[in-house]
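Reader: I should be grateful for a close look at one salt bridge in this structure, followed by a connected account of the surroundings and of related contacts. Please state the criteria behind each term.

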Amino acid sequence: MKNKDIFKVLIPILAVVIIVESILVVSRLDRSKPVDVIIPEVDDELTEEIVELRQIEGKASFVFSVEDQNIEVGDKKRVTLEILPKEDFNLDAMDLYVSYSADSLEVSGLLEESGLKATSKRVSDKTGVVLANFWFMEEGGYKFEAGKSVKLMSFMVEPETAGVYELSMVESGDEVTKLVSSIGDEVVTYGFSSEKLIINAEN
Amino acid sequence: MKNQKRVQFLFTVLLLVALAMGVILVQQTQELRKGAYFGRTAVVVKPTEFNVAVGGILPVQIWVVSEEDAKVDGVEAYVCFGDKLAPVEEDLKKSVVPNQDDSFNVVTLARYDQDVGCLKFHVGSMGTNAADVPSGAFKVATVNLRAVALGTGSISIDEIGTKVSGRNPVVSSNDTALLVTTVEGASYNISADGGEVTPQPTSPASEADMWINYRVAFAGVKADRQCATGWQTKLTALSGQTRKEYTNVPLSKTTDVNDKGEAVYEGSFHAPGFTQASGVALFFKGPKHLQVKYGKTGQAAFYNQAGGEISLTNVASTSPVLDFSEYPILAGDVNGDGMINGIDFTTIKPKAADFVEIASGGYLAEDLDGSCQVNNNDIILLVRSLNEKQDQVY
């Protein structure tokens with residue numbers, strides 16, 4: 001009899017609990033409808049985007065050389081730019097941009113080296129840039145061999161005032177140094193390293 | 001006793017109903033993820049009709065209309081257009097121009113599914129305050145597509161592949177997605193003869209806006225060239241602090257030639273929003289060309305001065321015809337990065353070696369002189385442009 005009484009209380013309580021829970025679930029379902037699609041997950045897809053131009057790292061180094069880095073004001077010394085390939089590669093185009101302090105250095109006598117012929121070359125005292133675009137017309141481009149340095153261009157440097165000046169490859173901005181090649185139908189650029197040339201101009 | 005039995009019966013029925021409801025709910029798929037929609041939107045293409053020549057550009061505007069002023073800060077759209085159209089730029093992100101006026105300032109994704117002729121892109125509003133994020137009807141971006149073959153077709157928005165996100169007014173909610181309920185596309189007609197140029201997608205010009213009448217030439221494009229029609233040309237008008245850019249300005253080939261035998265193209269354009277009548281400089285840029293500055297009519301060489309000397313009026317018939325044809329627009333920016341360098345050369349070189357050809361009326365970025373064939377003439381043009389540009393800059 002006592003057991004029967006417990007059931008009489010338990011069953012209604014259970015019923016009420018289930019009803020309340022059902023109402024809660026139903027209201028939640030209504031609020032989150034429809035939900036077939038969630039927020040776009042852009043991050044995952046970013047990796048799928050087509051990249052502009054593939055760059056292959058570390059193919060070569062650019063090296064400046066000069067007979068003597070200590071140059072007297074009014075004296076001229078020829079600076080040579082060489083490329084030192086770290087591995088074999090071919091280039092279809094090489095755009096070289098060297099920056100210098102046009103206020104203190106005068107640059108002249110720009111020459112191509114190693115029998116290379118520049119498509120375009122300039123010394124700009126307006127912008128402080130020495131540039132040479134080597135575009136290789138031959139099929140397959142120009143072959144560079146690992147460890148075999150190639151002189152590219154040279155120019156005279158004359159300090160106008162005493163001080164410490166540097167020449168360096170232009171690597172940022174609109175017009176930058178580029179090593180360009182084609183692999184099949186793909187155009188790629190090769191990364192490179194370079195060191196600055198320090199000029200000590202003395203009176 | 002009778003009452004007790006009645007209560008007992010009632011509770012038993014109630015229990016059975018509750019159990020049945022429980023079973024039904026359990027059987028339903030319950031969405032427990034975050035990401036429910038907080039609003040509804042429509043994504044539409046404007047204008048609804050494009051008429052363009054082969055090689056021409058279709059500035060396809062993507063608009064969003066959000067209901068109940070829901071604020072939108074990102075749109076990932078999947079736009080399908082078939083094989084007669086292709087993104088203008090090799091760098092796909094550059095083909096999608098976000099509408100910065102409505103705070104869309106970044107393209108974070110651009111993927112071209114060439115096999116199905118669809119472009120997926122995501123345009124977002126980064127670092128923008130909620131108050132500045134647009135709602136209602138607004139343009140999200142312009143997708144620039146090039147007509148690459150003759151024919152007709154449609155531009156559609158794939159509803160399933162298109163997603164819109166926004167700022168939920170309920171700050172505590174994690175739900176930032178908006179349901180795309182409607183999509184509307186457009187149709188296009190690509191003709192061979194230059195056809196009708198698709199109107200410039202800007203607000204219409206007002207009476208105070210200037211008319212620009214011009215004659216230009218493209219470097220190396222002689223009168224007989226068959227693949228130099230419908231070239232999309234950008235015009236920038238500058239005067240003092242005012243600068244307005246217009247894409248796809250009208251250009252019609254005339255029978256005239258300049259001193260070098262290059263074909264002269266002419267156009268007349270009522271420039272929306274440009275009210276400056278004097279001291280104007282104009283910049284023209286073709287689809288594979290460098291931007292060239294024109295500061296005075298009859299200009300035959302590089303204009304090496306700040307500002308410009310051009311005067312305009314707001315009446316088409318009285319605004320002077322500006323003749324720039326003796327200083328043609330320089331060719332050679334094949335990859336559209338605004339420069340001429342070894343990348344452009346390396347892109348053209350193998351095609352010139354293979355004498356790659358296209359049908360008359362077609363478009364090929366490497367075919368600089370519009371001869372329908374890539375050859376040494378294009379390389380020569382490129383080298384000339386390089387030297388000209390280096391002379392100007394250095």
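Author: The side chains of B:Lys349 and A:Asp92 form a salt bridge, with an N to O distance of 2.6 Å. The term denotes a side-chain nitrogen of Lys or Arg within 4 Å of a carboxyl oxygen of Asp or Glu. The model is a predicted one, in which local features need pLDDT of at least 70 and side-chain atom pairs count only at pLDDT 80 or more, whereas totals for chains, interfaces and linings use all residues. Residues are numbered from 1 along each chain as its sequence is written, chains are lettered from A and ligands numbered from 1 in the order in which they are written, and side-chain values use heavy atoms, with hydrogens and water left out.

This contact crosses between chains: B:Lys349 belongs to helix H3 (residues 342-353) of chain B, and A:Asp92 to the loop between strand S4 (89-91) and S5 of chain A. Helices (H or I, at least four residues) and strands (E, at least two) are DSSP runs, numbered from the N terminus. B:Lys349 is buried, at a relative accessible area of 10%, and A:Asp92 is likewise buried, at 5%. Buried means under 20% relative accessible area, exposed means over 50%, and partly exposed lies in between (1.4 Å probe, protein chains only).

Strand S5 (residues 93-99) of chain A also holds A:Tyr97, whose aromatic partner B:Tyr394 sits in the segment after helix H4 (376-393) of chain B, so this pair too joins two chains. The ring centres of A:Tyr97 and B:Tyr394 are 6.1 Å apart and the planes stand at 45°, so the pair is classed as tilted. Rings of Phe, Tyr and Trp (its six-membered ring) pair if their centres lie within 6.5 Å; planes under 30 degrees apart count as stacked, over 60 as edge-to-face and the rest as tilted. A:Tyr97 is buried, with a relative accessible area of 1%, and B:Tyr394 is buried at 15%.

Over all chains there are 17 aromatic pairs. In chain A, ring pairs connect A:Phe89, A:Phe136, A:Tyr142, A:Phe144 and A:Tyr190 into a cluster. In chain B, the rings of B:Phe218 and B:Trp231 have centres 5.2 Å apart and planes at 75°, so they are edge-to-face. B:Phe218 is part of strand S14 (residues 211-222) and B:Trp231 of the loop between S14 and S15, so the pair ties together parts of chain B that are 13 residues apart in sequence. Both rings belong to buried residues: B:Phe218 has a relative accessibility of 1%, and B:Trp231 one of 5%. The loop between S14 and S15 of chain B also contains B:Gly230, which is partly exposed at 29%. The C-alpha atoms of B:Gly230 and B:Val54 are 6.4 Å apart in space, although these residues are 176 apart in sequence.

The sheet that includes S15 is open and has 4 strands of chain B in the order S16-S15-S19-S20, with antiparallel pairing. Two strands pair if DSSP finds at least two bridges between them. Its edge strands, each pairing on one side only, are S16 (242-246) and S20 (292-294). Strand S15 (residues 234-239) is joined to S16 by 5 bridges, and within this pairing B:Leu235 has B:Tyr246 as its bridge partner.

Further salt bridges occur in chain B. B:Glu245 and B:Arg243 form one, with the closest N and O atoms 3.3 Å apart. Neither end is buried: B:Glu245 is partly exposed at 42%, and B:Arg243 is partly exposed at 47%. Another salt bridge joins B:Asp333 and B:Lys285, the closest N and O atoms being 3.5 Å apart. Here distant parts of the chain are linked, 48 residues apart, with B:Asp333 in the loop between strand S21 (321-323) and H3, and B:Lys285 in strand S19 (residues 281-285). B:Asp333 and B:Lys285 are both buried. A network of salt bridges links B:Arg215, B:Asp256, B:Glu266 and B:Asp323. Over all chains, the count of salt bridges comes to 21.
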